[in-house]
Structures are given as C-alpha cells and as structure tokens.
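Reader: I would like to learn how to read a fold, its core and its surface. Where do we start?

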Amino acid sequence: GDTDIWFLRSVNFGDYWTSPLNVHNDELGTHQYAPWMAVDQSSGYVYVIYFSQQERESNLTDVYVAYSTDSGNSFKNARINQLSFTPVATATPATFASISVHKGIVAAAWTTSDQAGTVVWACSLKHDELEKITMK
C-alpha cells in the first residue's frame, strides 16, 4: 500500500552505510517507483528520477526528480512532467525512466502509457531551473 524509494550511502568503501532515507517527502499511502540515479561529477550532486502516484484513488501518475546538494543527506523534489497520466493495464507499463547530468545540465527521459498509447518524453534543464520548480 505504500511503495517508496530509499537512498543509502557509504563514505568508507562499504564498511558502514547510512540509515535509509526516503527521497520523496510524501504522505503515507502514496506510491513511488522505477527510480534511476545519476551523479553530476562536476558538483557531486545526486539526482534520482522516478514515477509517483500522489492520487492513489485515480492512479494519477507524475514524474519527479529528487536531488541532493549535500551528498545524499537530504533531498528536494521537483515534478518535471507537464501532464499527469493514468496508466492503463492493457498498455505497456510506464516503468522506464533515465537521467544523466553533467556540469549542472540535467537530461531526463521517461515513458508514459495511457489510453493514447505509449509515449517517450524527454527534457533538459539546468540545475538552477530545477530548483525553481522544487516542491515547497
């Protein structure tokens, strides 16, 4: 009834791991799934793209990017899709997302499946633009 995406990290080559941290600041009972992660090698910032179903009753689904500017100690979230979608059982599941980041440029791609069929979406934006659309 409540799927989440958890982040753990080690700073000593795997001898010690942090406690799991939920990357999405959600209410109980919402679903997040199909994460993909990237690290910007120029800044060390961590980015995770994933699907989120905030509206459990309708299965309305959105695409989010969670990002951390403090080595994974905390995450902020931003919705990056313009139109929410409701997956349908007869279509290919919307479970693919990918993200790549370099020097503050975030490139993301994902699929959606609904009554219209399966569509591939993509966007690119700067880290500063991502911060402007971050959830409050």
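Author: We go from the strand pattern to the core and then to the surface. This is a predicted model: local features need pLDDT of at least 70, side-chain atom pairs count only at pLDDT 80 or more, and totals for chains, interfaces and linings use all residues. Residues are numbered from 1 along each chain as its sequence is written, and side-chain values use heavy atoms, without hydrogens and water.

Reader: What is the secondary structure of the protein?

Author: Helices (H or I, at least four residues) and strands (E, at least two) are DSSP runs, numbered from the N terminus. Here there are one helix and nine strands. The pattern along the sequence is β-β-β-β-β-β-β-β-β-α.

Reader: Which residues have the most contacts inside the largest nonpolar core?

Author: A nonpolar core joins buried (under 20% relative accessible area, 1.4 Å probe, protein chains only) Ala, Val, Leu, Ile, Met, Phe, Trp, Tyr and Cys residues through side-chain atoms within 4.5 Å. The largest has 18 residues; Y47, I49, V65, I80, I99, W110 and L130 have the most contacts inside it. Strand 4 (46–55), strand 5 (60–68), strand 7 (97–102) and strand 8 (105–114) each supply at least two residues of this core. A second, separate core has nine residues, including V46, Y64, A66 and F75.

Reader: What does V65 touch?

Author: Contact means heavy atoms within 4.5 Å. Leaving out residues up to four places away in sequence, V65 touches Y47, V48, I49, K76, N77, A78, I80, I99 and L130.

Reader: How much of the protein is buried?

Author: Buried residues make up 38% of the 136 residues.

Key
Buried means under 20% relative accessible area, exposed over 50%, partly exposed in between (1.4 Å probe, protein chains only).
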